[in-house]
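Reader: I have a structure open in my viewer and would enjoy a guided walk through it. Could you take my questions one by one?

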Amino acid sequence: MNVNQKDILLSVSRLTVHFHTDRGVVKALDRAELSVGRGEVVGLIGESGCGKTTIARSVLRVLPPAGKIIDGMVLFSGQDLLSMKENDLNTSVRGKAITLIPQDPFNSFNPVFAVGTQIKDIMKWKGNAQDNKEINEKRILEMLEQVQIPSSRDQLKKSPVQRWTAPAVHDRHGVVAGAEPGDCR
Ligand SMILES: Nc1ncnc2c1ncn2[C@@H]1O[C@H](COP(=O)(O)OP(=O)(O)OP(=O)(O)O)[C@@H](O)[C@H]1O
Ligand SMILES: [Mg+2]
């Protein structure tokens with residue numbers, strides 16, 4: 001697709017990210033460039049460790065603590081995401097305008113807390129939770145059904161390990177994201 005300059009939705013320029021480790025500095029991104037036009041689908045392809053996930057995490061500023069954005073600019077709809085206040089990122093960008101689906105969704109859940117609680121926390125954070133427990137559970141079960149992981153109310157009370165490890169190994173289920181499907185745009 002030939003994207004006109006004014007139709008660019010996301011533009012990443014000169015993005016430079018380092019990870020500070022015990023063994024020294026890992027220069028994960030060195031002036032990376034990327035742009036995504038409105039309505040355009042972009043796939044990033046590259047060998048393992050070339051920085052695909054680091055770009056995605058940098059855009060939302062959700063790098064692991066060792067990761068530091070050294071330089072660069074990330075513009076989304078003309079807004080500079082790298083200088084935006086945390087609060088503004090939370091209220092208008094993260095999980096709303098831009099959603100990150102983790103590379104390994106099963107391991108992205110906290111193994112200690114119940115599946116239902118974790119999904120409900122995300123719904124609350126996104127302002128999608130109701131005051132009514134029944135309605136919330138029904139919505140969670142519907143979302144799991146949509147991603148082909150039918151569950152029961154009892155299963156929502158289990159930890160991800162109890163609930164998913166065995167079925168995941170057997171069935172190789174797909175993605176579970178706490179975001180409403182409509183948010184992935
Ligand atoms: N938490 C971290 N601490 C130290 N180095 C890291 C960390 N996360 C990523 N890196 C390093 O940053 C570089 C880019 O990693 P990244 O995960 O972005 O690659 P990727 O392209 O997503 O790889 P894959 O295809 O395996 O998912 C790699 O050299 C990796 O080792
Ligand atoms: Mg990756």
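Author: Gladly, and let us begin at one pair of residues: the bridge partner of Thr 21 in β2 is Gly 24. Please keep in mind that this is a predicted model.

Reader: Thanks! How many residues lie between β1 and β2 in the hairpin they form?

Author: β1 covers 8–21 and β2 covers 24–37. The two strands run antiparallel and are joined by ten bridges. The hairpin they form leaves a link between them of two residues.

Reader: Which strands are at the edges of the sheet?

Author: The open sheet has four strands with antiparallel pairing, in the order β2-β1-β3-β4. An edge strand pairs on one side only, and here that gives β2 and β4 (79–80).

Reader: Let me look at the other side of β1. Which residue in β3 stands opposite Ser 11?

Author: β3 spans residues 67–76 and runs antiparallel to β1, with eight bridges joining the two. Within this pairing, the residue of β3 opposite Ser 11 is Leu 75.

Reader: What angle does the direction of α1 make with that of β1?

Author: α1 covers residues 52–59. This helix packs on the sheet, where it touches β1, β2 and β3. Its direction and that of β1 make an angle of about 110°.

Reader: Now to the ligand, my favourite part. Which element gives the most residues to the shell around ligand 1?

Author: There are 15 residues around ligand 1, and Phe 19, Ala 28, Ser 48, Thr 53 and Thr 54 come nearest. The elements that give two or more residues to this shell are β1, β2 and α1. By class, the shell has six nonpolar, eight polar and one charged residues. With three residues, the element that gives the most is α1.

Reader: Further along the chain, is α4 roughly parallel or roughly perpendicular to α5?

Author: α4 (residues 115–125) and α5 (residues 133–146) have axes that come within 10 Å and cross at roughly 100°. Angles of 65 to 115 degrees count as roughly perpendicular. Therefore α4 is, relative to α5, roughly perpendicular.

Reader: Which residues in α5 meet α4?

Author: The contact divides into three nonpolar, two polar and two charged residues. α4 brings Gly 116, Ile 119, Lys 120 and Met 123, and these meet, in α5, Asn 136, Glu 137 and Ile 140.

Reader: One last thing: what phi does Gln 148 take?

Author: α5 has 14 residues and reaches 20 Å from its first C-alpha to its last, close to the 20 Å expected. Just after this helix, Gln 148 takes a positive phi of about 60°.

Note on methods: Residues are numbered from 1 along each chain as its sequence is written. Chains are lettered from A and ligands numbered from 1 in the order in which they are written. This is a predicted model: local features need pLDDT of at least 70, side-chain atom pairs count only at pLDDT 80 or more; totals for chains, interfaces and linings use all residues. A residue is near a molecule or strand if its C-beta atom, placed from the backbone, lies within 6 Å of it. Ala, Val, Leu, Ile, Met, Phe, Trp, Tyr, Cys and Pro count as nonpolar, Asp, Glu, Lys and Arg as charged, and the others, Gly among them, as polar. Two strands pair if DSSP finds at least two bridges between them. Two residues are in contact if their C-beta atoms, placed from the backbone, lie within 7 Å. Axes are lines fitted to C-alpha atoms, for helices over the stretch in contact, and angles run from 0 to 180 degrees between N-to-C directions. Angles under 35 degrees count as roughly parallel, over 145 as roughly antiparallel, 65 to 115 as roughly perpendicular and the rest as oblique. The expected span of a helix is 1.5 Å times one less than its number of residues.
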